Number of protein chains: 2
Amino acid sequence: MKSQLEADMSGESELALARAESLSRHETLFSERASHIKQSAVRDVFELSLDPTLVSLAGGNPYLQSLPLAKLGEMANRLIVEEGMSALQYGSGQGTEELRAQICEVMAEEGITDAHPDNIVITTGSQSAQDVACKVFCNPGDTVLCEDPTYVGALNTFEAYQAKVEPIATDEHGLIPSALTERIAELRQAGANIKFLYTIPNFNNPSGITLAAERRQEIVDICAAENILVLEDNPYGMLRYSGEPIKPLRAGNPNHVIYMGSFSKILAPGLRIGWALVPEHLFRRFYLAAEAVSLCPATLNQMLISEYLKGHDWRGQIDEYRALYSARCEAMLEALDEHMPEGVQYTRPEGGFFIWVTLPEGIDTYSLLAKGIEAGVVFIPGAAFSPHDAPSHRLRLAFSAVPEEKIREGVRRLAPVLERAIAENDAR
Amino acid sequence: MKSQLEADMSGESELALARAESLSRHETLFSERASHIKQSAVRDVFELSLDPTLVSLAGGNPYLQSLPLAKLGEMANRLIVEEGMSALQYGSGQGTEELRAQICEVMAEEGITDAHPDNIVITTGSQSAQDVACKVFCNPGDTVLCEDPTYVGALNTFEAYQAKVEPIATDEHGLIPSALTERIAELRQAGANIKFLYTIPNFNNPSGITLAAERRQEIVDICAAENILVLEDNPYGMLRYSGEPIKPLRAGNPNHVIYMGSFSKILAPGLRIGWALVPEHLFRRFYLAAEAVSLCPATLNQMLISEYLKGHDWRGQIDEYRALYSARCEAMLEALDEHMPEGVQYTRPEGGFFIWVTLPEGIDTYSLLAKGIEAGVVFIPGAAFSPHDAPSHRLRLAFSAVPEEKIREGVRRLAPVLERAIAENDAR
């Protein structure tokens, strides 16, 4: 059957023209924010990552092979057969009471011991909690602070709300408090309406860097004094494989920090279940906005996670993940140590999924992506992790989803690409 | 352990005061739209509906008892055990290719035969598709047209984007084309920026009314001529139990209608899977906005629905639903015929979940809710289904989730409440 458009094009041309005009008029219907919504760079290379001839060090997918699949399958089966009337039905917009209580236990493992289930809203992944936070706090033109670099998905969400995103300088210990203070002063001077600081304090995506313990309270205090909320995103916190655990910023600060957690990295991202722990005095509006987006989180998925947390040694499972990711991180660092040419620096993360590679200034890693692919390796250029996609001489490598031998092979393939780029840069 | 706030209150009072002030300053951080986001009236009575001494004719939950639970449980089990590496992993932001192809088959049953999987984006329920549509098209102050009455969840979403929602008059055949034309002219005159018409053409929620076949093309044409998109929400379309099926507005109009479908009513709402079929020239921005909200729809849930559509007689299952809801609708209509006092009118739907009851003017059904609850029956006052919660002399009864005997009992309990209200209204 011919499509309407084909019929239009082949048929009477005047009518076709009129229709084409009528369609182009639709352009005027888009909202202002629509033009701010862009394709994630991670998604750009998603398709590429499926090519088996390439080694993809691009995507931060968790490695799920070690999950107790037989047990999870049985649990899902039982839930549907015996509790299908709840598991398949609409549920509370806030999420099930049982899972919210269990989430309090999960957060207690990280050092948040005063959370109440009433102040938790379960969301469609923590991405959706970021979306809700923007919806509730950001007018177009408002300012959001973030680490430089920061998570590309959060940048996309903030930009979709027409927030101005201001990156704050970081060093090997994370966000620099004095840089935060200075930038806030400058922005205030320029009339900025600053709503919140978005931070990934543990094993930052993309940098792998962890915010030092001694800086955490200082940063909350700076924000509190300036009436700026802290939006703490902690998907990787439990995936620490060396060094001492550090309490979240939320731990001692129930009133100034919105804390976001996720089951994507400690269980399974395909369930799309995350959460936000929201200060009591901000909770109602946050919750109502979450409900307006999707009515309620998927009931079956919440109940399956509850079963898993009750019926499986989930702490042991996280230990397994830790051992696995630690070995992969180690393999990548060893390969980098062995193969990287002079002039290349990289972070040595204590947890999480990512290593952040810095080349000499003047090199735009975006232009290296095609060359990497030619050489059989995919990475994410650093530009993706800053607002406005400014050219960057950095790039992100993910080791989470790739077996060690392949990690080594990927780094081997990457090395000559970087070497050539450095030589060319030196020659300029 | 004492909470921070308790500690503050009991401790040094100056410090406590300073902290309280600092918290109240947070009020200034909310976005303008945050104050437009309100609790759904349906959610208000959600808790009440759980009280077993009450008959709840409030919630439009589907009746899931007739689902093939053993089969669904087995499917979920197999998916997790054998395909867990995909089912539990991140997936495409657009949704799986397999389910998008199957959705084309589902839509073909309704009369949309030219849909292409590439133009579908799978969403977290169709509620989330409404949210994305607003995000992509509505600036604050833009106008959205809807039927009077219309779905409360959509109203909440539109108002969350600070859209002005303009209800258009309906009669027993649905939206009135001449009223639409007139209202558009008036609104344009007043400078309105109209973005789309939101319509539930089949068995409208809350009215149960179906838009007549002969009006459908006319309405699309009116909108197309005025450069207004049509947002067609069709969750109940397949649940017709009398009369002839009518093709969706999208059927002959691929370029002017965004069509939203859902598995919530034909399978299970707890999976939170819906979709939008978007005109090709509008697709990319719609899709990117959906991705910015939640990265991707839940993979396990999509794959489970795919298995169900492949491995079960889903058309037969819908036939069962039809027979069941038809009997319940019939029971409610019979009870209304028997018990309703003079002066009460109600719709006679040919499908869906709802009957819309009209009392004499001057009665505010919101004030009857407490009396209904006293008498042991819950309903939704009509005010919920219009923008601004204007007082309404109408109310919604849902028959979908309640067995026939209980429906009759509920209507019996409701009758004297309405009778008294009418007598009091007459006496004024």
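These are my notes on how chain A and chain B meet in a predicted model.

**Symmetry**

I superposed the two chains first. Chain A lies on chain B with an RMSD of 0.0 Å, after a turn of 180° and a shift of 0.0 Å along the axis. That is the relation of a two-fold axis. I then looked for the C-alpha of chain A nearest this axis. It belongs to Asn77(A), at 2.7 Å. The same surface serves both copies, as 100% of the contact residues of chain A recur in chain B.

**Extent of the interface**

I counted residues in contact: 98 from chain A and 99 from chain B. The buried area comes to about 8500 Å². Carbon and sulfur atoms give 57% of that area.

**Polar and charged links**

I checked for salt bridges between the chains and found two. I noted a salt bridge between the side chains of Asp131(A) and Lys135(B), with N to O at 2.5 Å. For polar contacts across the interface, I have 47 residue pairs, both residues at pLDDT 80 or more.

**What chain A brings**

Next I asked which elements of chain A give two or more residues to the side that touches chain B. They are helices H1 (4-10), H2 (13-25), H4 (69-87), H6 (125-137), H9 (213-225), H10 (280-294) and H11 (299-311), along with strand E7 (194-199). H4(A) gives the most, with twelve residues. I also sorted the chain A residues on this side by type. The split is 48 nonpolar, 34 polar and 16 charged.

Notes. Residues numbered from 1 in each chain as written. Chains lettered and ligands numbered in written order. Predicted model: local features only at pLDDT ≥ 70, side-chain atom pairs only at ≥ 80, totals over all residues. Heavy atoms only, no water. Least-squares fit on C-alpha atoms with pLDDT ≥ 70 in both. Contact = heavy atoms within 4.5 Å. Buried area = accessible area lost by both parts, 1.4 Å probe. Salt bridge = Lys/Arg side-chain N within 4 Å of Asp/Glu carboxyl O. Polar contact = N/O pair within 3.5 Å; in protein donor to acceptor, adjacent residues only side chain to side chain. Helix = DSSP H or I, 4+ residues; strand = E, 2+ residues; numbered from the N terminus. Nonpolar A, V, L, I, M, F, W, Y, C, P; charged D, E, K, R; others polar.
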